[in-house]
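Morning, everyone. I have a few minutes on one structure, so please look at the screen while I talk.

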Amino acid sequence: MDKLKERIKQADWWEIAYLIIYGAVFTYEFLNTTMFEIKWPPRFGYIFLASTALYTIAKFIWHNTYTKKEMIWAGIILFAFLMPALLTEYRFLWYTGFLIVSAKDVEFDKILKVYLVIGITIMVAAFGASQYGIIEDLVYTTQRYGKEFFRHSYGIVYPTDYAAHLFFILLSVMVLFEKKMCVTTRVWISLLVATCVMMTSNAQTSMISLVVFSILCIIEYASKKQVSFLEKISRWTPVLCASVFLGLTCLYDASNALLVKLNGYLSGRLAISSKGLADYTIKLFGQNIIEEGNGRSTEFREDYFFLDDSYIRILLEYGLILFVVVLLVFMFTSKKAVEHKRNIIVIALVAVCIHSIMEHHLIDLSYNPMMLILFATLVDKGEKSGSM
């Protein structure tokens, strides 16, 4: 009994409160990516808008351990996220911004534990429910390389979303158990999940990103100058990925055979993004854009218009200011991971940035937990095991 009282006394209740709020928000967001028909009460999401804001304000007042530099960055991030949240219908940006800033003094590995427990539980529940007919397992067919492929969603709203969940869960496992996995184990598990993704959902983006992650793990292991190598490939990856796709989108011309062929390889992403830039102007704080995407139904949509590329989506829907701030957040997050010798986080961030060229989950809380690292506490893992 005395030991229990001592544990309660020593508990970091600010951290515990954060993990509870994050877990609630994540559960809500994740369930909305499944085929479970949950009728949330009216304005249910306002609970998360209020709780994240009140927690952050309370932390600033009664548990303020932010340095002056961190306070400035916290203000910039909150401004960049809250303005489009207030001026558009994208309310999730509100609690996303608050959760990024209020992660101060919260151990990131604990955030990952919450993410994995909830994420894996819901994934297993959705898979089981879809196989027993409780919810629908959306099955699509596609023709590639002269062959017909079946694409399962296993209770998630779309096959690529199912694959994206597996992608982020795999990365989170790798980061959390960084010290407990040798390079060989890390690579084989990643390639196994990549194969599973291709065989079940034919999601090429998640598959390629996992292969890239595996290759970088091998290169990082073989490199004698690990930190300098990681700094070079990671610091500018977000800017490079955004610039390349944005540049190709601006250059896209239906009369250019090379770009049309590239557009085909990218599943029409260039043409759709180009249409987005043509139909909508870039605004400081974003704008509401009506989209008609696939998902929740296997019916073909003739009026399909969905901004899959994360960078174009952020730029057009959430605004120029948030676009710049998000790139800076991921650049500084990578720098922080290098400084704390969390090399697998750095590699994971590179994979996430590449994945975001074709997928829209870069700042989506229901998928990507890596965006919460900037203010969170990173425990140094030191040098990894030298064994393969």
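I will go through some helix contacts and then some aromatic rings. Keep in mind that this is a predicted model.

Two packed helices are described by the angle between their axes and the distance between the axes. I will use that for three pairs.

The first pair to look at is α2, residues 13-31, with α3, residues 46-62. Their axes are 11 Å apart and the packing angle is about 160°. Anything over 145° counts as roughly antiparallel, and α2 and α3 are therefore roughly antiparallel to each other. Their crossing is left-handed. On the α2 side, the contact uses Trp14, Glu15, Ala17, Tyr18, Ile21, Ala24, Val25 and Tyr28. On the α3 side you have Phe48, Ser51, Thr52, Tyr55, Ala58, Lys59 and Trp62. By type, the residues of this α2 and α3 contact are 11 nonpolar, two polar and two charged.

Next, please find α9, residues 204-222, and α16, residues 343-355. These axes come within 9 Å and cross at roughly 150°. By that cut-off, α9 and α16 are therefore also described as roughly antiparallel to each other. Here the crossing is right-handed. From α9, the residues that meet α16 include Val212, Phe213, Leu216 and Cys217. Among the α16 residues they face are Ile344, Ile347, Val350 and Ile354. Sorting the contact between α9 and α16 gives 10 nonpolar residues, five polar and one charged.

The third pair is α11, residues 237-251, with α15, residues 320-339. The angle is about 145°, with the axes 8 Å apart. From α11 the contact takes Pro238, Val239 and Ala242, and from α15 it takes Phe323, Leu327, Phe330 and Met331. What kinds of residue make up the contact of α11 with α15? Seven are nonpolar, with no polar and no charged residues.

Now the rings. The structure holds 23 aromatic pairs, and I will show two of them.

One is Phe92 with Tyr318, an edge-to-face pair with 5.7 Å between centres and 75° between planes. Phe92 sits in α5, residues 92-101, and Tyr318 in α14, residues 310-318, so this pair ties together parts that are 226 residues apart in sequence. Are these two residues buried or exposed? Phe92 has 19% relative accessibility, and the cut-off for buried is under 20%, so Phe92 counts as buried. Tyr318, at 5%, counts as buried as well.

The other is Tyr140 with Tyr158: the ring centres are 4.9 Å apart and the planes are at 65°, so this pair is edge-to-face. Tyr140 is in strand β1, residues 139-144, while Tyr158 is in the loop between β2 and α7, 18 residues apart. Both Tyr140 and Tyr158 are buried.

Back to Tyr318 for a moment. Apart from neighbours within four places in sequence, Tyr318 is in contact with several residues, including Pro84, Tyr90, Phe92, Leu284, Arg313 and Ile363. Gln287 is 31 residues from Tyr318 in sequence, and their C-alpha atoms are 6.5 Å apart in space.

Last item: a cluster. Tyr28, Trp40, Phe44, Phe48 and Tyr95 are linked by ring pairs. You have already heard two of those names, since Tyr28 and Phe48 also take part in the contact of α2 with α3.

That is what I have; I can rotate the view if anyone wants another look.

Methods: Residues numbered from 1 in each chain as written. Predicted model: local features only at pLDDT ≥ 70, side-chain atom pairs only at ≥ 80, totals over all residues. Heavy atoms only, no water. Axes fitted to C-alpha atoms, helices over the stretch in contact; angles between N-to-C directions. Helix = DSSP H or I, 4+ residues; strand = E, 2+ residues; numbered from the N terminus. Parallel < 35°, antiparallel > 145°, perpendicular 65-115°, else oblique. Left-handed = near helix turned anticlockwise from the far one by under 90°. Contact = heavy atoms within 4.5 Å. Nonpolar A, V, L, I, M, F, W, Y, C, P; charged D, E, K, R; others polar. Phe/Tyr/Trp six-rings, centres within 6.5 Å; stacked < 30°, edge-to-face > 60°. Buried < 20%, exposed > 50% of the residue type's maximum accessible area, 1.4 Å probe, protein only.
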